Amino acid sequence: QVQLVESGGGLVQAGGSLSLSCSASGIIHSINTMGWYRQAPGKQRELVAVISKDDLTNYADSVKGRFTISRDNAKNTMSLQMNSLKPEDTAVYYCYTDATTGWRQRGDYWGQGTQVTVSS
């Protein structure tokens, strides 16, 4: 099994910044794609940003130019720097990874989520 733990959520005013972190632990053979998703009340979970093992990135149009995803493969960690935050960024943010365990089982893993609230 792979455990993901997020940190860094909170309350910020519109225009402000927050940084989210995600740490993967467990008996891990390899971490493949990592990403951030979010879910606002009454809405479906949506992709925010993903990053491949080779640092190729993809962002939702709504966050391009404002958010930056990065990862440290040596530490099995990932971060999301969020700048120029808007009230519509308010959501629970989830860390995701496609990982292979030490038993060579590949699967999708999710963190428990961290709340980001942007006040207007």
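This briefing walks through the fold, the strand pairing and a handful of individual residues of one protein chain.

The model is a predicted one: local features need pLDDT of at least 70, side-chain atom pairs count only at pLDDT 80 or more, and totals for chains, interfaces and linings use all residues. Residues are numbered from 1 along each chain as its sequence is written, and side-chain values use heavy atoms, with hydrogens and water left out. The protein chain has 11 strands and zero helices; here helices (H or I, at least four residues) and strands (E, at least two) are DSSP runs, numbered from the N terminus.

**Overall shape and surface**

- Read from the N terminus, the elements of the protein chain run β-β-β-β-β-β-β-β-β-β-β.
- The radius of gyration of the protein chain is 14 Å, which agrees with the value near 14 Å for a compact globule of 120 residues. This radius is taken over C-alpha atoms, and the globule rule is 2.2 Å times the number of residues to the power 0.38.
- Along the principal axes, the C-alpha atoms fill a box of roughly 45 × 25 × 20 Å.
- Of the 120 residues in the protein chain, 42% are buried. Buried means under 20% relative accessible area, exposed over 50%, and partly exposed in between (1.4 Å probe, protein chains only).
- The protein chain exposes about 6300 Å², and carbon and sulfur atoms supply 46% of that area. Accessible areas come from the Shrake-Rupley method with a 1.4 Å probe; for residues, only the protein chains shown count as cover.
- Among contacts between residues at least 6 apart in sequence, 55% join residues at least 24 apart. A contact means heavy atoms within 4.5 Å.
- There are 11 positive and 10 negative side chains, and the centres of the two sets lie 1 Å apart. Lys and Arg count as positive and Asp and Glu as negative, while His and the chain ends are not counted; the place of a charge is taken as NZ of Lys, CZ of Arg, CG of Asp or CD of Glu.

**Strands and their partners**

- Two strands pair if DSSP finds at least two bridges between them.
- In a regular strand the side chains alternate between the two faces of the sheet.
- Strand 1 (residues 2-7) shows such alternation: Val2, Leu4 and Glu6 point to one face and are buried, while Gln3, Val5 and Ser7 point to the other and are not.
- Strand 1 runs antiparallel to strand 3 (residues 18-26), and six bridges join them. Here Ser7 stands opposite Ser21 of strand 3.
- Strand 11 (residues 114-119) has Thr114, Val116 and Val118 on a covered face and Gln115, Thr117 and Ser119 on an uncovered one.
- Strand 11 pairs in the parallel sense with strand 2 (residues 10-13) over four bridges, and Thr117 is the bridge partner of Leu11.
- Strand 11 also pairs with strand 9 (residues 91-101), in the antiparallel sense over three bridges; Gln115 is the bridge partner of Val92.

**Buried residues in strands 9 and 10**

*Residues up to four places away in sequence are not counted in these contacts.*

- Thr97 lies in strand 9 and counts as buried at 0% relative accessibility. Its contacts include Val2, Leu4, Met34, Gly107 and Tyr109.
- The C-alpha atoms of Thr97 and Trp36 are separated by 8.8 Å, with their positions 61 residues apart along the chain.
- Thr100 also belongs to strand 9 and is buried at 11% relative accessibility. Thr100 touches Ile28, His29, Ser30, Asn32, Gln105 and Arg106.
- Gly107 sits in strand 10 (residues 106-110) and is buried, with a relative accessible area of 18%. Gly107 touches Thr97, Asp98 and Ala99.
- Gly107 and Gln1 are 106 residues apart in sequence and 9.0 Å apart in space, C-alpha to C-alpha.

**Positive phi in two loops**

- Asn76 is not a glycine, yet has a positive phi of about 55°. Asn76 is in the loop between strand 7 (67-72) and strand 8 (77-82), and is partly exposed with a relative accessible area of 21%.
- Ser84, also not a glycine, has a positive phi of about 50°. Ser84 is in the loop between strand 8 and strand 9, and counts as partly exposed at 41% relative accessibility.
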